[in-house]
Amino acid sequence: MNNVNAIKAPYLCYGCGTCNVVCSRQAITMCYDDIGRLGPTINKSKCTDCGLCYNHCPGLDLKGIQLPDTEDKYVGHIENVYIGKAVDESIYRNAQSGGLVTATVKYLLENGKIEAAVMCRVENAVEYTPRTVVVTKIEELYSCQKSSYVPIDIVSALKQCEQYHSIAIVGTGCHIQGVNALQHFNKKYKEKIIYKLGLICDRTLCKTATEVLY
């Protein structure tokens with residue numbers, strides 16, 4: 001019970017990549033299995049069973065930090081509800097759902113509120129290969145538009161953000177829960193991650209199912 005294999009085995013793993021970030025031994029690699037589920041693979045020669053990955057896992061949420069018992073676990077906590085779209089036509093025309101996330105990240109970068117943003121983009125449209133990217137320039141944002149319906153370990157990209165002091169992270173609810181866990185246990189991430197932009201997600205398809213549909 002001292003590593004994420006105990007979470008992966010009963011299919012409680014989100015594939016978010018939080019365990020990959022907290023492992024100081026570099027013993028975890030995020031991999032797709034034969035049917036395209038994303039999850040951690042542990043290098044047993046490096047793993048010391050320290051328990052960090054297990055304790056941080058949002059799929060288990062040992063500390064109950066995601067939602068208090070008074071909240072509906074399937075709805076979450078809602079303060080207000082708004083609807084909108086990007087007013088920048090170049091963003092809006094290239095968007096899938098109005099372009100609000102891209103417009104928001106653009107504003108944050110332009111106004112010096114963040115140094116970088118962790119996002120996702122499809123690298124190979126033929127093979128439908130998504131990857132996490134760290135965006136620091138406005139022109140890089142446009143290639144990150146449109147949703148990628150495949151499991152991807154967004155949180156893992158935080159390993160590439162050591163040099164930045166203020167970042168935004170864009171991800172689905174599972175990714176944001178992983179970030180919440182990191183911020184709860186680690187002051188560095190609490191100070192570094194200034195903005196969390198959550199995307200609506202109905203369910204996660206495995207990568208092979210996405211490839212067939214694509």
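In what order do the four strands of the open sheet run, and is their pairing mixed? The order is β4-β3-β5-β6, and the pairing is mixed. Please keep in mind as you look around that this is a predicted model.

**The sheet and its helix**

At the edges of this sheet stand β4, residues 129-135, and β6, residues 193-199, each of which pairs on one side only. Averaged over the sheet and with direction ignored, neighbouring strands are turned by 30° against each other. As a general reminder, strands of a sheet pair through backbone hydrogen bonds, in either a parallel or an antiparallel way.

For a closer look at one pairing, start with β3, which spans residues 116-124. Strands β3 and β4 run antiparallel and are joined by seven bridges. If you would like a landmark there, find Arg 121, which stands opposite Arg 131 in β4.

A helix also belongs to this picture: α5, residues 100-110, packs on the sheet and touches β3, β4, β5 (167-172) and β6. The direction of α5 makes about 170° with that of β6.

**Spaces inside the model**

The structure holds two cavities of 30 Å³ or more. The table sets them beside the second largest pocket.

| Space | Volume | Lining by class |
|---|---|---|
| Largest cavity | about 90 Å³ | ten nonpolar, four polar, no charged residues |
| Second largest cavity | about 40 Å³ | six nonpolar, three polar, two charged residues |
| Second largest pocket | about 300 Å³ | nine nonpolar, five polar, three charged residues |

Let us begin with the largest cavity. Its lining is made of 14 residues, and those nearest the centre are Val 4, Cys 13, Cys 16, Cys 19 and Cys 57. No charged residue takes part in this lining.

Which elements give two or more residues to the lining of the second largest cavity? They are α3, residues 52-56, and α6, residues 173-185. Among the residues lining this cavity are Asn 55, His 56, Cys 57, Pro 58, Ala 181 and Phe 185. Cys 57 is thus a residue to look for twice, since it lines the second largest cavity and lies nearest the centre of the largest cavity together with Val 4, Cys 13, Cys 16 and Cys 19.

The second largest pocket has a lining of 17 residues, with Cys 13, Asp 33, Arg 37, Leu 38 and Gly 39 nearest its centre. Two elements, β1 (28-32) and β2 (38-42), give two or more residues to this lining. The largest share, three residues, comes from β2. Cys 13 appears here and also at the largest cavity.

Conventions:
Residues numbered from 1 in each chain as written. Predicted model: local features only at pLDDT ≥ 70, side-chain atom pairs only at ≥ 80, totals over all residues. Heavy atoms only, no water. 1 Å grid on protein atoms, 1.4 Å probe; cavity = no way out; pocket = protein on both sides within 12 Å on 5 of 7 lines; lining within 4 Å. Points joined across faces, edges and corners; volume = space filled by probe spheres on them. Nonpolar A, V, L, I, M, F, W, Y, C, P; charged D, E, K, R; others polar. Pairing = 2+ DSSP bridges. Axes fitted to C-alpha atoms, helices over the stretch in contact; angles between N-to-C directions. Contact = heavy atoms within 4.5 Å.
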